[in-house]
Amino acid sequence: MLTRKQVQEAQRKALQYMEKAGVVLSPKDRENISVADFGLSDLERQGGQILTFFNTDRISAKIIVLFPWQILPEHWHPAIGKDIGKEEIMRVRWGEIYLYVPGEPTPHPRGRTPEGEEGNFTVWHEIILKPGEQVIIPPQMVHWFQAGEHGAVIDDYSSTARDLQDGFTNPKITRETKIIES
Ligand code: ZN
C-alpha cells in the first residue's frame, strides 16, 4: 500500500519526466497518472507510473515512467478467452531501460534485483533499450524491465490491456494498489 502523499509525489515526479521527454499532455492526462506498487509497498524499487491514453477492446497505448533503477516486476500477459494474450511494443522515449526476456542469460546484466527477491526474477536475457529503440513482446512471454540510473519514459503500445489478469512471478504481487489516506 501507498499513502496518498506517496502517490501524489510519484505523480508529480512522473509528470516532470514526461515533460522532459516531450510527451504532450492535456490537463485531463495530468490528473490520470496512476501509480502502481503491485502490492509490494516498495515503490522506489518495484513499481511504475502509468498513463493510459486509451484502452479499447482492440488496442491500447500508455506511457510508462520508471524512476532511476525502478523495476517493473516480472510478468506475462496470459490468454483470456479468445484473446491469445496482449502483444506489447515498448519503445523508449527518454532514458534507458534493461529489458529481460527468456533466452541465453546475459553474463553481467545491468539490472539489479532487490536482495532476497532473486527467485522472483527468472529470465535474464538482457536487451538494452535507448531512446528510439523498441522491442515487440509476444503474447504470454515472460518479461521484466528496469530503468537505468536516470530513469526512463517508455511508449507502450499493445493490443487490449487486461492488467488485472496479468500473471506475475512473485506470488506476493497483487495488481491493485491500495492507497491509504493519512
Ligand atoms: Zn508487459
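## Close-ups of a predicted model

**View 1. F145 and its surroundings.** Leaving aside its neighbours within four places in sequence, F145 is in contact with I64, L66, Q70, I71, L72, H75, M90, I97, Y98, L99 and I154. Keep in mind as you look around that this is a predicted model.

**View 2. The largest nonpolar core, where F145 turns up again.** Zoom out a little from F145 and you get a core of 21 residues. F38, L66, M90, I97, L99, F145 and I154 are the ones with the most contacts inside it. Which elements give two or more residues to this core? They are β4 (59-66), β6 (88-101), β8 (134-137) and β9 (143-159). The largest share comes from β6, with five residues. There's a general idea to go with this picture: in soluble globular proteins, nonpolar side chains tend to be buried together.

**View 3. A second core, separate from the one above.** This one has 18 residues. Look for A14, Y17, M18 and V23, which are among them.

**View 4. The largest cavity.** Rolling a probe the size of a water molecule over the atoms shows where empty space is left. How many cavities of 30 Å³ or more does the count come to here? The answer is two. The largest cavity holds about 150 Å³ of space, and 15 residues line it. Closest to its centre are I50, K62, I64, L72 and H75. You've already met I64, L72 and H75, as contacts of F145. Strands β4, β5 (71-76) and β9 each supply at least two residues of the lining. Sort the lining by type and you get six nonpolar, two polar and seven charged residues.

**View 5. The second largest cavity.** Here the space comes to about 70 Å³. The residues around it are H77, P78, A79, I80, D83, G85, K86, T160, R162 and D166. That lining splits into three nonpolar, three polar and four charged residues.

**View 6. The largest pocket.** Now for the pockets, starting with one that has a volume of about 290 Å³. Its lining is made up of 19 residues, and S34, V35, I50, T52 and R175 lie nearest its centre. I50 may ring a bell: this residue is also one of those closest to the centre of the largest cavity. The elements giving two or more residues to the pocket lining are α1 (4-20), β2 (34-36), β3 (48-55) and β4. What mix of residue types lines the pocket? There are seven nonpolar, seven polar and five charged.

**View 7. The second largest pocket.** About 210 Å³ of space sits in this one. Q6, E9, A10, K13, L43, E44, F67 and P68 form its lining. By type, that's four nonpolar residues, one polar and three charged.

**View 8. Stepping back to the whole chain.** To finish, here's the setting for all those close-ups. The protein chain has two helices and 11 strands, which follow the pattern β-α-α-β-β-β-β-β-β-β-β-β-β along the sequence. Its C-alpha atoms fill a box of roughly 45 × 40 × 30 Å, taken along the principal axes. A compact globule of 182 residues would have a radius of gyration near 16 Å, and the 15 Å of this chain agrees with that. Of the 182 residues, 47% count as buried. Now take the contacts between residues at least 6 apart in sequence: 75% of them join residues at least 24 apart.

Notes
Residues numbered from 1 in each chain as written. Predicted model: local features only at pLDDT ≥ 70, side-chain atom pairs only at ≥ 80, totals over all residues. Heavy atoms only, no water. Core = buried A, V, L, I, M, F, W, Y, C linked by side-chain atoms within 4.5 Å. Buried < 20%, exposed > 50% of the residue type's maximum accessible area, 1.4 Å probe, protein only. Helix = DSSP H or I, 4+ residues; strand = E, 2+ residues; numbered from the N terminus. Contact = heavy atoms within 4.5 Å. 1 Å grid on protein atoms, 1.4 Å probe; cavity = no way out; pocket = protein on both sides within 12 Å on 5 of 7 lines; lining within 4 Å. Points joined across faces, edges and corners; volume = space filled by probe spheres on them. Nonpolar A, V, L, I, M, F, W, Y, C, P; charged D, E, K, R; others polar. Rg over C-alpha atoms; globule rule 2.2 N^0.38 Å.
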